[in-house]
Structure formats: C-alpha cells, structure tokens
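Please open the structure in the viewer and keep the selection tool at hand. The tour below proceeds stop by stop.

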Amino acid sequence: MSMPQITRLPLLRQFRSIHHQYLLLPPTAPLTVPKRALIQSGYRRPGQPSENKPPWQKINFDFKKGLDGIKKHFTLLKNEFFNRWVGPEGKPILEHMLEQNRVVWEFRGPESLEDWTVSSDKEIGGQSKVYLKLGRNNTCFLYGTLNSTPPRDGETRYSGYCTMRSKQPLVAFNRKKHHDWTSFNTLHLRVRGDGRPWMINISTETYFSHQKDDIYNYFLYTRGGPYWQDVKIPFSKFFLTHRGRIQDDQHPLWLDKVNTIGFTLGDKTDGPFQLEIDFIGVCKDYAHTEEFAYEAYKRNPEV
C-alpha cells in the first residue's frame with residue numbers, strides 16, 4: 001500500500017492497516033476498571049464472604065414508622081427554631097455566658113442509656129464481652145470480660161478491647177448536632193472503677209473524609225475500691241491519634257464541634273472488669289492556663 005492511499009484512509013483504518021501489516025502485534029484487550037480497594041469499603045471480618053445484597057433489601061418499608069419519623073423530625077425542627085430566640089441550647093444568653101459548669105451526660109434512668117452504644121473485639125472474631133446497664137444507684141454500670149486471644153483467621157494478630165461510646169447527637173431530619181465546649185477547658189468525670197486504666201476518646205467533626213478516624217485521647221486511671229473519684233482532665237492534655245497511632249502533627253482539641261466521647265479498655269489483662277459512671281460534664285478551671293501540652297509540628301521551622 002502506497003503512502004497516498006494511506007493518507008486517504010480514515011484515522012482508525014490507517015491504524016488498523018499499520019497494526020496488522022507492519023507491527024504484527026496481537027489485538028489489545030479491552031480496558032478493565034480495577035475493583036474498589038478494601039480500605040475504601042466497609043469493614044469485613046477476615047475469612048467471611050462478602051455480602052452482595054442490594055441496598056434496598058436492607059430498608060424496612062413500614063408506613064407507621066414513616067409517620068412516627070415525620071412527627072419526630074418536625075417536633076425537633078420546632079424546638080430548634082424557637083430555642084434560637086431564647087439563647088444557645090434554649091438557655092438565656094446571660095446564663096450561657098456566665099456558665100462555668102455543665103453536665104452533658106447524667107445517668108438517672110433507663111432512657112439515659114439509649115444515648116450510648118457498646119462494642120468489643122467480638123466484631124472481629126474476638127472473645128471479649130461487654131455489657132451496659134443501669135446501676136443500683138442510678139448510674140451507668142459498664143462491665144464484662146476482657147480476652148486478648150486473637151481470632152484464628154490467619155490475619156488478625158492482636159485482640160482484646162471493649163468500648164463504650166456516646167451516639168452522635170442529631171437534630172431535625174438527621175442533621176448532625178455538635179457539642180460546643182469552647183467556654184470550658186476541663187473535662188469533669190465522677191467515676192468508680194476497679195483499678196484498671198482506661199482510654200478516653202473524643203471525636204470531633206472533620207473536614208476531609210480521610211480524617212474520619214482521627215480521635216483525641218487521654219488516660220483515665222481508676223483507683224479501685226468502694227469510693228468515688230472526681231476526675232478533672234484539661235482538654236490541653238488530649239493528643240491526636242489516627243487508628244490508634246499517635247500523629248506527629250499535633251494540635252489542640254477542636255472544642256467547637258465535638259461529636260462523641262468514649263471509653264476504651266485494652267490493657268491486655270484478661271479477666272472481668274467494671275466501670276461505674278455517675279456523670280460526665282465540662283467545667284471552666286481558671287487555675288489552668290495551659291493552651292497545649294505537646295510540641296506542635298512546624299511545617300516551615302524558623303532558622
């Protein structure tokens with residue numbers, strides 16, 4: 001085939017002609033889209049088959065449930081609209097400005113436990129057990145058994161944790177509601193434990209999706225015995241972690257958009273445990289003037 005004839009052919013025909021006559025290469029296979037990475041999808045226990053059910057099969061189509069939901073959300077919307085004319089969170093503005101102590105969670109009935117959820121390593125095949133109930137003194141009673149034996153799935157190497165975490169507060173139409181603790185600088189707890197060390201986890205609102213596992217942590221050391229202990233932990237002591245790993249880029253806790261608070265036990269000591277909580281609150285400690293207890297990471301250090 002001469003060059004003038006090649007120039008008169010369409011571009012696709014020219015490519016096919018050169019491909020078969022001169023390059024002598026096999027035809028290319030169609031492009032395939034790579035599958036979604038496991039880290040981008042939801043967690044699936046190792047060794048378990050993936051669930052291929054369509055999302056609509058998991059929805060409960062209940063007409064009565066829909067009516068109750070509409071009534072609930074419009075009531076929340078009404079309270080949200082009228083409370084803003086009174087002040088923040090329905091309090092007068094003067095009372096909000098002079099407030100020095102606030103009880104955020106107080107356990108005085110079975111309905112107070114509905115704002116909390118518990119989990120353990122049983123979700124990944126572990127053997128730890130955790131339970132939550134109302135104590136005899138109208139307190140939150142968290143108890144169970146810790147077991148650090150890893151599951152026999154060939155992949156999981158470490159196990160043994162139990163966690164209690166508050167639920168994300170929501171307003172009308174399931175919009176997120178954040179705790180604003182900018183007027184306070186200290187976390188105040190009244191607890192009674194068995195001598196085990198716990199980890200306090202505070203989760204805040206993030207701006208990017210890859211920050212959804214960022215949590216601020218600090219330690220709670222219980223004394224054990226029959227006596228209650230008042231624990232005051234400044235917010236400046238909390239350090240940033242991502243999936244349990246301490247980050248180099250540390251910064252103070254964002255108190256304007258706090259989502260949840262939790263308590264985790266993972267001291268690798270197998271056996272029963274218990275933790276009793278009377279209330280969880282925040283306060284303003286004027287004697288504490290520290291802004292941040294850790295060295296901040298400088299991207300462009302001064303010479």
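Select Phe74 first: in this predicted model, the residue is partly exposed, with a relative accessible area of 48%. Phe74 is found in helix 3, which spans residues 63–86.

Next, add Phe63, Leu67, Ile70, Leu77 and Phe173 to the selection; together with Phe74 they form a nonpolar patch on the surface. The accessible area of these residues together is about 630 Å².

Now select Asn174, which lies in the loop between strand 5 and strand 6. Its backbone merits inspection: phi of Asn174 is near 60°, a positive value in a residue other than glycine.

Proceed to Lys268, in the loop between strand 12 and strand 13. For Lys268, too, phi is positive, near 60°, although the residue is not glycine. Lys268 is exposed, its relative accessible area being 65%.

The tour then turns to the interior. Which residues have the most contacts inside the largest nonpolar core? Select Leu187, Leu189, Ile200, Phe235, Phe263, Ile277 and Ile280 to display them; the core itself has 36 residues. Among the elements that give two or more residues to this core are strand 4 (140–146), strand 6 (186–193), strand 7 (197–204) and strand 12 (258–265). Colour strand 13 (271–283) separately, since the largest share of the core, five residues, comes from strand 13.

Finally, centre the view on Ile280 and display its surroundings. Leaving aside residues up to four places away in sequence, Ile280 touches Val103, Val104, Trp105, Trp116, Leu187, His188, Leu189, Ile261 and Phe263.

Definitions and conventions
Residues numbered from 1 in each chain as written. Predicted model: local features only at pLDDT ≥ 70, side-chain atom pairs only at ≥ 80, totals over all residues. Heavy atoms only, no water. Core = buried A, V, L, I, M, F, W, Y, C linked by side-chain atoms within 4.5 Å. Buried < 20%, exposed > 50% of the residue type's maximum accessible area, 1.4 Å probe, protein only. Helix = DSSP H or I, 4+ residues; strand = E, 2+ residues; numbered from the N terminus. Contact = heavy atoms within 4.5 Å. Patch = residues over 30% accessible without salt bridge, like charges linked within 9 Å, V, L, I, M, F, W, Y side chains within 5 Å. Areas by Shrake-Rupley, 256 points an atom, 1.4 Å probe, with all protein chains shown as cover. Salt bridge = Lys/Arg side-chain N within 4 Å of Asp/Glu carboxyl O.
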